[in-house]
Amino acid sequence: MFASVAWRRIALATTALAISFVAEPMTQTASAATEVVSVVNKTPITSSDVAKRVAFLKLQRKTGNLQKMARDELVEEALKRDEIARVRMSVSTEDVDRSFAKFAASNKLTPAQMSEILNKAGVGVEHFKAFIAVQMSWPRLVNARYGAGRMSNDELVKRMMQNKEKPITTEYFLQQIIFVIPESKKGKITAQRKAEAEKSRSRFPGCAQSRDFAKTMRDVSVRDLGRMMKPELPEEWKPLIEKASANGTTGTRVTEKGVEFLAICNQRQVSDDAAAEVVFRAEDIGKAKKGGDDPNSAKYLEELRKKAQIVNP
């Protein structure tokens, strides 16, 4: 069946993740005994990992020394994954599963069919999902650490003149409502907490009374996120915020903290210098992502590489 499947060239619509690959008939050979080929900060990279990445590169129609390319990519991802874990900024399993399903749907496949293709190609579902998780999480770290830098007044005026008018964007004032799930109970009470969070949304009294409202429930916290313009919205929340009504709440998401939703305390259209700068910075970041040449990302990764212990047996 796999030999008859032809994947259309597509782009995966997730943050900083653009993949285009075509499946073709492949013959899987018996793999040799798994051995460690690199160790990154005590995390081993095995020959099995490399074989899966080589298979992934073949699906992307990459050419060259695929063994070296695969090993280099895996070392880089291990560095990024360690840093993502250290600063606790990983996207959730739910985010990854949603992106996986979106990728499958864009190819007119179900997640089960997509899984079958990846497994038969020698990539494996978990390997692909681990790749997605890093690609989605890493830009968040880079933006959190470096931001995009403020524009000078001269540069801002020049961009506005080129644009011929000030950009208009939406300004939000947000609160984060968290139905906390202790680490020891993750998976055990998630469905229950999700149901509680969904039920509370219909009774949410508004941001002014949110803290008193939270006190009527068990292990619920409220955090003010303050002012945030549309280009600054976290990618994982952006679609939910845009669907929400003014002074309403977003749908829920399962995160590393528990089950969350956001409250829209206020929103309005703005067109001032601050809004223009945010819009222009977002445009610049978007261009960098498409070109894959974000200098801050390269700088951050090089710092991690210098501090890391990388052993190649």
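Is C207 buried or exposed? C207 is buried, because its relative accessible area is 18%, and the cut-off for buried is under 20%. Keep in mind that this is a predicted model. Here are my notes, point by point.

1. **The overall picture.** Let's start with the whole chain. You can count 11 helices and seven strands in it. Of its 313 residues, 42% are buried. Now take the contacts between residues at least 6 apart in sequence: 73% of them join residues at least 24 apart.

2. **The disulfide.** A search of the whole structure turns up one disulfide. Its partners are C207 and C265, with an S to S distance of 2.0 Å. The angle about the S-S bond is -90°, and the link of C207 and C265 is left-handed. The two cysteines sit in distant parts of the chain, 58 residues apart: C207 belongs to the loop between α7 and α8 (210-215), while C265 is in strand β6 (residues 258-270).

3. **How covered are the two cysteines?** We've already met C207, which is buried at 18%. C265 has a relative accessible area of 25%, so it counts as partly exposed. That label fits because partly exposed covers the range between the buried limit of 20% and the exposed limit of 50%.

4. **Helix α3 against helix α5.** Find α3 (residues 93-106) and α5 (residues 125-146). Their axes are 10 Å apart, and the two helices pack at an angle of about 110°. That is why α3 is described as roughly perpendicular to α5, since the label covers 65 to 115 degrees. The crossing of α3 past α5 is right-handed. On the α3 side, the contact uses D95, V96, D97, S99, F100 and F103; on the α5 side, V125, F128, K129, I132, A133 and M136. Sorted by class, the residues of this α3 and α5 contact are eight nonpolar, one polar and three charged.

5. **Helix α1 against helix α5.** Helix α5 also has α1 (residues 47-59) to deal with: the axes of α1 and α5 come within 10 Å and cross at roughly 80°. So α1 is roughly perpendicular to α5. Look for D49, K52, R53 and F56 in α1, which meet H127, F128 and F131 in α5. By class, this α1 and α5 contact has three nonpolar, one polar and three charged residues. If you compare the lists, F128 of α5 turns up in the contact with α3 and in the contact with α1.

6. **Two residues with positive phi.** Most residues other than glycine have a negative phi. Now look at R88: its phi is near 55°, a positive value, and R88 is not a glycine. R88 sits in the loop between α2 (66-87) and α3, and it counts as exposed because its relative accessibility is 63%. Then there is N247, also not a glycine, with a positive phi of about 65°. You'll find N247 in the loop between α9 (238-243) and β5 (253-254). N247 is exposed too, with a relative accessible area of 56%.

7. **A loop residue to click on.** Which loop holds E183? E183 is in the one between β3 (169-180) and α7 (190-201). Its relative accessibility is 60%, so E183 counts as exposed. Try finding G258 as well: E183 and G258 are 75 residues apart along the chain, and their C-alpha atoms are separated by 8.9 Å.

Note on methods:
Residues are numbered from 1 along each chain as its sequence is written. This is a predicted model: local features need pLDDT of at least 70, side-chain atom pairs count only at pLDDT 80 or more; totals for chains, interfaces and linings use all residues. Side-chain values use heavy atoms; hydrogens and water are left out. Helices (H or I, at least four residues) and strands (E, at least two) are DSSP runs, numbered from the N terminus. Buried means under 20% relative accessible area, exposed over 50%, partly exposed in between (1.4 Å probe, protein chains only). Axes are lines fitted to C-alpha atoms, for helices over the stretch in contact, and angles run from 0 to 180 degrees between N-to-C directions. Angles under 35 degrees count as roughly parallel, over 145 as roughly antiparallel, 65 to 115 as roughly perpendicular and the rest as oblique. A crossing is left-handed if the near helix is turned anticlockwise from the far one by less than a right angle, and right-handed if clockwise. Contact means heavy atoms within 4.5 Å. Ala, Val, Leu, Ile, Met, Phe, Trp, Tyr, Cys and Pro count as nonpolar, Asp, Glu, Lys and Arg as charged, and the others, Gly among them, as polar. A disulfide is a pair of cysteine sulfur atoms within 2.5 Å.
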